[in-house]
Amino acid sequence: MLTIPKPVESGEPFSQAQVDHLAQETDFNTIRLTPEAEARLGITTVAIERRAVNQTRLYGGELILPLNRLAAGEERSSSNDKQSVFTILPLMTPADQIRVAEAQVNADGQVQAAKVQVQAAQVLLARTQRLLRDHAGSQRAVDEAKVQYRLAQGTLAEAHARRQLLGPPLLAIAVPDRFWIRVPVYVGVLNEINRQQSARMEPLGNLNGQTGFVANPVPAPPSSNPIAATVDLFYEVANSNKEWQLGQKVQILVPLQQTGESLVVPWSAVILDIYGGTWVYEQSAPHTFVRKRVQVSFIHGSEAVLASGPTPGSAIVDQGAAELFGTEVGFSQ
């Protein structure tokens, strides 16, 4: 049966819902404890602060070999461009990596063959020059030997250049003592990043609570991904303990250009509910605590930098916030 709503007469209030009592967040998020209960929960408070914080943004990165790293035993060419563009290409499939590794092996063989040709041409030139001094040879033979020697040198330089284009060896056994971090950044926020300051690299998830590793910015040839509209930034991190692996994914906190003051609270004071909301407990009176909603901009070490929250100077529960939340939702002991 189709029900036709009754038309609303002029002056009659129209409402789609009826609520007996409009609840306020401060009404149902207030907790009052006895002094004994507060001591048992181990609650401590700190004052929320507003101060200048080096603002950062979290990105994902990939460990690659330094672009100026050469294969073992490989010599520099006379070219002024001593950096390879291979390792800044988009991530390849395993089949592509095998093909590139085979090309690197072939290029290494061509370099060794060119070296042998240079040595042979050098020996031939020395022999023809000695015969000419002993009046047993001709100037023509010396000139031809010089041409062969210069051609061999050109072939060696070309072989070096081709090998450098292929980048560091993919199948290298030795773990390098330093890595570069390739960080794709959306071009729309590139101007917000301070590319002169050092960043902080951490393992993905940072489950062990590590403080991170200093990653210094390094100059590199331009690299971008037009499909994803990203530009690659490069940082260098030490690998003295050999704990990082080539191709490993990491997270990196990149410094921003923004300056100014922000609200700061200990990260231990922030509570996450089942919907992803972030809260802190403010002490409104002795033994009385009110849950206040906050917006976390980013985590800086053991502190949470807030986009919005209680007023500076408010007493915020530092230790015991999780116990208060358990008391509020009914999981306390």
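## Exercises around strand S9

Strand S8 (residues 224-225) and S9 run antiparallel and are joined by 2 bridges. Two strands pair if DSSP finds at least two bridges between them. Strands (E, at least two residues) and helices (H or I, at least four) are DSSP runs, numbered from the N terminus.

The model is predicted: local features need pLDDT of at least 70, side-chain atom pairs count only at pLDDT 80 or more, and totals for chains, interfaces and linings use all residues. Residues are numbered from 1 along each chain as its sequence is written, and side-chain values use heavy atoms, with hydrogens and water left out.

**Exercise 1. Trace the strand partners of S9.**

Step 1. Start at S8. Serine 224 has valine 231 as its bridge partner in S9. The two strands form a hairpin with 4 residues between them. In the turn, alanine 229 has a positive phi of about 55 degrees.

Step 2. Go to strand S5 (residues 178-186). Here 9 bridges lead to S9 (residues 230-238), and the strands run antiparallel. Phenylalanine 179 is bridged to valine 237 in S9.

Step 3. Finish with strand S7 (residues 213-217). It is antiparallel to S9, with 2 bridges. Tyrosine 235 in S9 stands opposite proline 217.

**Exercise 2. Locate the largest nonpolar core and its leading supplier.**

Step 1. Apply the criterion. A nonpolar core is a set of buried Ala, Val, Leu, Ile, Met, Phe, Trp, Tyr and Cys residues joined through side-chain atoms within 4.5 Å. Buried means under 20% relative accessible area, exposed over 50%, partly exposed in between (1.4 Å probe, protein chains only).

Step 2. Find the hubs. The largest core has 21 residues; Tyr59, Leu63, Ile181, Val185, Tyr235 and Ile252 touch the most other members.

Step 3. Assign strands. At least two core residues each come from strand S4 (56-64), S5, strand S6 (199-203), S9 and strand S10 (249-255). S5 gives the largest share, 4 residues.

Step 4. Inspect one hub. Beyond its neighbours within four places in sequence, isoleucine 181 is in contact (heavy atoms within 4.5 Å) with residues including Leu63, Met201, Leu233, Tyr235 and Ile252.

**Exercise 3. Which is tyrosine 281, buried or exposed?**

Step 1. Place the residue. Tyrosine 281 is in strand S13 (residues 278-285).

Step 2. Read the accessibility. Tyrosine 281 is buried, because its relative accessibility is 0%.

Step 3. List neighbours. Outside four places in sequence, tyrosine 281 contacts, among them, Ile31, Phe289, Ile316 and Leu324.

Step 4. Check a distance. Valine 270 is 11 residues away in sequence, and 8.2 Å away C-alpha to C-alpha.
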